Amino acid sequence: MNTPDYRTLCTGRLRAAVDSLAPHVEWSPVGLLGSLLCAFSAMLPDTRVQRGSGSMPLMLHVLLCGDTGEGKGQSWGVAAAVAKDANQTFMAGHVINGVVGGAGLIQAISDRGGHALIVDTEYARVLRAGRRQANLSQVLRDLWDGATVATSRAKEPVEVEDPRVSIMGHITPAEFRASMSTTDRDGGSYNRLIILPVEQIRWLSERHQMPANIIPDIGEAMARAIRHGQRAKLVTLTDDAYDAADIIRKDLLTMARESEGLKAFAARCNEQVRRIAGLFALFDLRTQITVADLKAAAALVRYAMESVEAIIGESDAPKAKRQPLSLMEKVRARIDLHGGKATSSELLPFVGATAAEVRALPGVVVRSEKLGNGGRPAVVFSLTEPTDDHSPLSEPQPPAAPPAPEPEKSTPRLRMGGAPVTISAPARPARPQPARTENPFRAAL
């Protein structure tokens, strides 16, 4: 699958941090982004993010997935250097290297005051062990939830209330497929993981060196964000972010329900979005999540879900069973979802087409509108409404006199919340060209 532009997957100062690091590594910057998010979340033990009428911890469990030698270690190594610069005390005393079973892990977390970052570069062993030791899988699930974990030792029981634990794991696609079990998928061991692929995107000369100031500069920015987050305690949403959160929730769950293979991995996708969006806000020294934070976090979670689908699609795991929608159906669904009109950022990334391809569809209206935020006018897409259920979507065309007119074809029209109806489309509709995927790093090669 194609790697998206990482700049659409993050916001503000964190995006600037990845911008600084990306030219100096050979691997996809998404691995850097996931690693920085995981390290940052680990150092905010008492900060929570709003979810409904309650709240939840910010801890992330991130799994970098790539073949051997594909940059998992380098991605984490760069992020770990930033984290060490930001909080050397935490990185020296609160990191657990490797998982040693449920009881051993609880003991290690207890020894660190209930606050830890687990780093396991052979996470396949953890998944395999979880199949043999039911208590290990349960402990890992409870850690993500922030629920109390305890050993069952008769003489010296160990209990950790309110654990604050992030996890950074590495795995290859083959190991990931081989380690999956139906029990773990159904039990929720996988939907608490953010699984991000890492692959090589460029070659750098052996002479290339990262400028010495980059790691300290980003470390200082992370240290300031940590201090800010510790003071903030709770991250909430701006007023306009609530509507965006509702749309994102429906969009992600609809995506998951269209695929049998994704259902077990997507049950907590919206909780992941909220945690990531909260981290974006805190890194920017804010205490409220904006619409931009939510959209970027949702794009990252969506990319993780699509990556899982691609990985398990190569194995005997449940295959995706989607009914493919036409571009017109996707466009109508997104526009209806946004109340009758959608901006470029609300529409194009979700339908997989360019602005020109959408503009060429019958019945699509494109205009420039001021959105009231004081910025530049936005490109807004809407649809012309037919006069009745069987009239064409496009404007009436002057009569033509072809020698042998072809019969009109029926095109399904999708209504959000209603039953599909059939409408007539003009003969010989223009066929949109396949979307071109530009490599954002081509200029750096």
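**Salt bridges, buried charges and local geometry in a predicted model**

Lys 295 is partly exposed, with 31% of its relative area accessible; here buried means under 20% relative accessible area, exposed over 50%, and partly exposed in between (1.4 Å probe, protein chains only). The model is predicted, with local features requiring pLDDT of at least 70, side-chain atom pairs counted only at pLDDT 80 or more, and totals for chains, interfaces and linings using all residues. Residues are numbered from 1 along each chain as its sequence is written, and side-chain values use heavy atoms, leaving out hydrogens and water.

The protein contains 16 helices and 16 strands. These are DSSP runs numbered from the N terminus (helices H or I, at least four residues; strands E, at least two). Of its 445 residues, 50% are buried. The exposed area comes to about 21,500 Å², and carbon and sulfur atoms supply 50% of that area. Areas were computed by the Shrake-Rupley method with a 1.4 Å probe; for residues, only the protein chains shown count as cover. Contacts (heavy atoms within 4.5 Å) were examined between residues at least 6 apart in sequence, and 73% of these join residues at least 24 apart.

Side chains of opposite charge can pair when their charged atoms come close. The whole structure holds 13 salt bridges, each defined by a side-chain nitrogen of Lys or Arg within 4 Å of a carboxyl oxygen of Asp or Glu. One of them joins the side chains of Asp 46 and Arg 164, at 4.0 Å from N to O. Asp 46 sits in the loop between helix 2 (29–42) and strand 1 (48–51), and Arg 164 in strand 8 (residues 164–171), so this bridge ties together parts 118 residues apart in sequence. The two partners fall into separate burial classes. Asp 46 is partly exposed, at 45% relative accessibility. Arg 164 is buried, at 15%.

A second bridge joins Lys 295 to Glu 346, with the closest N and O atoms 3.5 Å apart. This pair also links distant parts of the chain: Lys 295 belongs to helix 13 and Glu 346 to helix 15 (residues 344–351), 51 residues apart. Glu 346 counts as buried, with a relative accessible area of 18%. Beyond single pairs, Asp 251, Arg 302 and Arg 334 are joined into one network by salt bridges that share partners. Within that network, Arg 302 lies in helix 13. Its relative accessibility is 12%, which means that Arg 302 counts as buried. Leaving aside residues up to four places away in sequence, Arg 302 touches Asp 251, Leu 252, Met 255 and Phe 350.

Helix 13 (residues 291–312) also carries Asp 293. Asp 293 is buried, at 0% relative accessibility. Its contacts, again without residues up to four places away in sequence, are Thr 11, Ala 277, Phe 280, Ala 281, Arg 286 and Gln 288. Arg 286 has a charged partner as well. Its salt bridge with Asp 284 brings the closest N and O atoms to 3.2 Å. Asp 284 is buried, with a relative accessible area of 18%. Arg 286 is partly exposed, with a relative accessible area of 23%.

Leu 285 has a positive phi of about 65° although it is not a glycine. Leu 285 occupies the loop between helix 12 (269–283) and strand 11 (288–289). At 28% relative accessibility, Leu 285 is partly exposed. A positive phi, near 70°, is also found at Lys 233, another residue other than glycine. Lys 233 is placed in the loop between helix 10 (214–232) and strand 10 (234–237). The relative accessible area of Lys 233 is 45%, so this residue counts as partly exposed.

Asp 239, Asp 240, Asp 243 and Asp 246 form a negative surface patch. Patches comprise residues with over 30% relative accessible area and no salt bridge; like charges are joined within 9 Å, and nonpolar side chains (Val, Leu, Ile, Met, Phe, Trp, Tyr) within 5 Å. Asp and Glu count as negative and Lys and Arg as positive, while His and the chain ends are not counted. Each charge is placed at NZ of Lys, CZ of Arg, CG of Asp or CD of Glu. Within the patch, Asp 239 lies in helix 11 (residues 239–257). Asp 239 is exposed, at 68% relative accessibility. By contrast, Asp 293 of helix 13 is buried at 0%.
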